[in-house]
Amino acid sequence: MVSTATRIGDFQFDNCLMNAAGVFCMTREELAQVESSAAGSFVTKTATLEARAGNPEPRYVNTDLGSINSMGLPNKGLDYYLDYVIEEQNRIGSKPHVLSLVGMSPDETHTILKKVQASDYQGLVELNLSCPNVPGKPQIAYDFETTDTILKEVFSYYTKPLGIKLPPYFDIVHFDQAAAIFNKYPLVFVNCVNSIGNGLVIEDETVVIKPKNGFGGLGGDYIKPTALANVHAFYKRLNPSIQIIGTGGVKTGRDAFEHILCGACMVQLGTVLQKEGTEAFDRITKELQAIMAEKGYETLDDFRGKLHYID
Ligand code: SIN
């Protein structure tokens with residue numbers, strides 16, 4: 001019997017697949033759709049303190065190899081998502097969930113996290129340190145000093161289970177430096193990776209999205225090798241208590257298998273979910289189960305992190 005069940009910290013999930021923040025998670029209706037699918041959990045759209053309209057449209061376009069977006073953190077504001085995850089937490093039979101959030105400034109991030117700390121919510125929180133799409137705001141986790149300061153301040157008051165969503169890194173030294181910072185804190189997980197920021201897709205002679213003159217985050221096939229590298233690099237460097245969520249380029253069971261082989265304990269779907277809808281969870285789960293059965297693996301732990309190298 002093959003199981004794709006998994007855990008993050010103290011939370012058990014019947015399936016290792018879930019949505020990535022940004023896809024199928026803006027409204028309660030979308031979140032409920034993920035909840036009632038084969039997904040093991042959902043994560044909310046990244047919440048800011050107040051609701052945001054985000055960037056002008058067109059701001060998301062699918063391409064043959066994936067997607068480009070510059071959404072600009074449109075969301076319904078913290079209270080909308082916090083109320084919903086608390087409601088869900090109290091519903092019998094509900095799955096454990098992830099609340100994604102970030103402030104528009106470090107101060108706002110602390111205000112938000114203090115609100116969550118004081119609330120009844122006991123579930124996982126994902127602090128998004130990697131949105132590439134808000135004009136004038138850098139991707140926080142590319143600035144190691146700021147990241148270290150934010151985490152130090154956060155863990156001076158925040159005692160609930162917290163993880164961070166990371167941008168892709170591209171340099172071995174950066175993996176080392178980032179991991180050294182993350183290992184100082186009681187993080188429950190890191191999520192590798194957000195979109196590859198500031199790509200450019202052109203049709204004929206024109207960019208395909210409006211914000212930032214067409215610059216936007218890439219998802220889908222473009223990013224799988226980078227996502228796998230980040231999952232594995234952090235799997236090898238982080239304290240075993242910090243688990244890895246793998247995100248990027250997953251559209252088949254084989255892709256999910258590779259993320260887990262690189263060390264992911266949970267795998268998120270972004271572009272494929274946007275393109276295919278929540279049926280993708282059932283299809284990819286079945287494909288993953290078939291690969292596991294063929295290889296004689298019964299649980300994710302049988303192969304998680306066990307990537308082979310060439311001697
Ligand atoms: C966005 O809202 O711009 C996408 C979310 C993200 O990249 O964190």
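**Rings, ligand and loops in a predicted model**

Mentor: Helix 6 buries K224, T226, A227, L228, N230, V231, H232, A233 and F234, and as we go on, please keep in mind that this structure is a predicted model.

Trainee: How many residues does helix 6 have, and how far does it reach from its first C-alpha to its last?
Mentor: Helix 6 covers residues 224-237, and at 1.5 Å a residue a span of 20 Å is expected for it. The reach in the model is close to that expectation, so that, with the expected span taken as 1.5 Å times one less than the number of residues, the two values can be set side by side. The helix has 14 residues and its reach is 20 Å.

Trainee: How are the rings of Y142 and Y169 arranged: stacked, tilted or edge-to-face?
Mentor: A pair of aromatic rings is described by the distance of the centres and the angle of the planes. The structure holds 11 aromatic pairs, and in the one formed by Y142 and Y169 the centres are 5.8 Å apart, with 80° between the planes. Because planes over 60 degrees apart count as edge-to-face, the arrangement of Y142 and Y169 is edge-to-face.

Trainee: How many residues apart are Y142 and Y169 along the chain?
Mentor: This pair links distant parts of the chain, since Y142 is in the loop between strand 7 (124-128) and helix 4 (144-154), while Y169 is in the loop between strand 8 (162-166) and helix 5 (172-182). The separation of Y142 and Y169 is 27 residues.

Trainee: Is Y142 buried, exposed or partly exposed, and is Y169 buried or exposed?
Mentor: The relative accessibility of Y142 is 36%, and the relative accessible area of Y169 is 3%. Because buried means under 20% and exposed means over 50%, Y142 counts as partly exposed, whereas Y169 is buried.

Trainee: What kind of aromatic pair do F144 and Y169 form?
Mentor: F144 in helix 4 and Y169 in its loop are 25 residues apart, so this pair too links distant parts of the chain, and F144 is buried at a relative accessible area of 17%. The ring centres of F144 and Y169 are 5.8 Å apart, with 40° between the planes. Because that angle is neither under 30 degrees nor over 60, the pair is tilted.

Trainee: Which residues do ring pairs link into a cluster?
Mentor: The two pairs we have just discussed involve Y142 with Y169 and F144 with Y169. The cluster that ring pairs link together consists of Y142, F144, Y169, F175, F182 and F234.

Trainee: Which residue has its charged end over the ring of Y80, 5.6 Å from the centre?
Mentor: Care is needed here, since R28 also lies over the face of Y80, at 5.9 Å from the ring centre. The residue at 5.6 Å is K76.

Trainee: How much of the ligand's area does the protein bury?
Mentor: The residues around the ligand include K45, N69, G72, P74 and N194. Oxygen atoms of the ligand are 2.7 Å from a polar backbone atom of L73 and 2.8 Å from an N or O atom in the side chain of N133. Taken alone the ligand exposes 250 Å², and of that the protein buries 94%.

Trainee: Which residue does a cis peptide bond join to E57?
Mentor: The omega of this bond is about 0°, and the residue we want is found in the loop between helix 1 (28-35) and strand 4 (60-63). The residue joined to E57 is P58.

Trainee: What is omega for the peptide bond from C192 to V193?
Mentor: V193 lies in the loop between strand 9 (189-192) and strand 10 (196-200). The bond from C192 is cis, and its omega is near 10°.

Trainee: What is the phi of D204?
Mentor: D204 is found in the loop between strand 11 (202-203) and strand 12 (206-207), and it is exposed, with a relative accessible area of 77%. Although D204 is not a glycine, its phi is positive, at about 55°.

Trainee: How far apart in space are L99 and N19, C-alpha to C-alpha?
Mentor: L99 is found in strand 6 (residues 98-101) and counts as buried at 0% relative accessibility. L99 and N19 are 80 residues apart in sequence, and their distance in space is 12 Å.

Conventions: Residues are numbered from 1 along each chain as its sequence is written. This is a predicted model: local features need pLDDT of at least 70, side-chain atom pairs count only at pLDDT 80 or more; totals for chains, interfaces and linings use all residues. Side-chain values use heavy atoms; hydrogens and water are left out. Rings of Phe, Tyr and Trp (its six-membered ring) pair if their centres lie within 6.5 Å; planes under 30 degrees apart count as stacked, over 60 as edge-to-face and the rest as tilted. Helices (H or I, at least four residues) and strands (E, at least two) are DSSP runs, numbered from the N terminus. Buried means under 20% relative accessible area, exposed over 50%, partly exposed in between (1.4 Å probe, protein chains only). A charge sits over a ring if NZ of Lys or CZ of Arg is within 6 Å of the ring centre and within 35 degrees of the ring normal. A residue is near a molecule or strand if one of its heavy atoms lies within 4 Å of it. A polar contact is a pair of N or O atoms within 3.5 Å; within protein, one must be able to donate a hydrogen and the other to accept it, and residues adjacent in sequence count only if both atoms are side-chain atoms. Accessible areas come from the Shrake-Rupley method with a 1.4 Å probe; for residues, only the protein chains shown count as cover.
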